[in-house]
Amino acid sequence: MHAIVLYEPPQSETLLLTNRAVEFTHRSASKWIRLVPKRCTPSLGALTACLWIKYNPILNATKTTLLSYATTTYTKAFVLLFEDEELVIRINSHSHLFGRLTLSNSTFSDNAWHYLCVSWASSDGSWHFYVNGSLASQGTGYDVGEVLESDGAWVVGQDQNSVGSGFDHRQAFKGFVSSVAIWDHVVNITNCGLCCQGNLITCPYFSSSEVELSDAVIVNDDGPNNC
Ligand SMILES: [Ca+2]
């Protein structure tokens, strides 16, 4: 078991937390954020996930995981990751043909914050990637009719090989993350701007009972100042 430190800010710090970030100083299996939903995650026939990241692609790192949702049946029920030169989503352990955004070399190499959102819907298999509030890639036909199992584990910064654990530093994230929000339906990001009010996970998530941080990550004030 990894050591868990519950971050419970004093009431007076609540406002400050909106601008905070979690820093993953290097790729390590002991650096992670577990998101605690407001309610048990239901089975999902659709979802939208948004987060701020500041990230530089790592040479020779083929997989870098931003967010993962693991269930008993599929430990890759939902994964958002950088894979080679692409940003990729995996649904129920599937991948490769759908749900991809090819990155230009400079997209994430400017040491600035970027706002990423991704959505998927089982009804027609539609998927969308938004970067900084603009639609960057979309398609249909990805896992039509599939459903994500309920009551899984949401983890930022690690791929899960079992529910809530089984991390591997070779798939871990290095960089800064802030303001994760997750919905159980498709959100039109271009209509709501920089959305934060996820109905499963609402950013800012650095409030008591909404997040568990491993004691190896660093919380600092260098957030995107936008949520
Ligand atoms: Ca893994």
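This section describes the fold content, one run of paired strands and the nonpolar core of a predicted model.

The chain comprises 15 strands and 1 helix. Of its 227 residues, 43% count as buried. When contacts between residues at least 6 apart in sequence are considered, 69% of them join residues at least 24 apart.

Strands β6, β7 and β8 were examined for their pairing. Strand β6, spanning residues 78-83, pairs with strand β7, spanning residues 86-91, in the antiparallel sense, with 6 bridges between them. Within this pair, L80 lies opposite I89 of β7. The two strands β6 and β7 make up a hairpin in which 2 residues separate them. One residue of the turn, D84, has a positive phi of about 55 degrees. Strand β7 is also joined to strand β8 (residues 100-102), again in an antiparallel arrangement, by 3 bridges. Here V88 has R100 in β8 as its bridge partner. Strand β7 thus has antiparallel bridges both to β6 and to β8.

The largest nonpolar core contains 61 residues. In soluble globular proteins, nonpolar side chains tend to be buried together. The residues with the most contacts inside this core are I33, A49, L51, V156, V177 and I182. For V156, with neighbours within four places in sequence left aside, the contacts are W32, I33, L35, L66, L67, V177 and V180. Among these partners, I33 and V177 are themselves listed with the residues that have the most contacts inside the core.

Note on methods: Residues numbered from 1 in each chain as written. Predicted model: local features only at pLDDT ≥ 70, side-chain atom pairs only at ≥ 80, totals over all residues. Pairing = 2+ DSSP bridges. Helix = DSSP H or I, 4+ residues; strand = E, 2+ residues; numbered from the N terminus. Buried ≥ 20, exposed ≤ 12 C-beta atoms within 10 Å, placed from the backbone. Contact = placed C-beta atoms within 7 Å. Core = buried A, V, L, I, M, F, W, Y, C linked by C-beta atoms within 7 Å.
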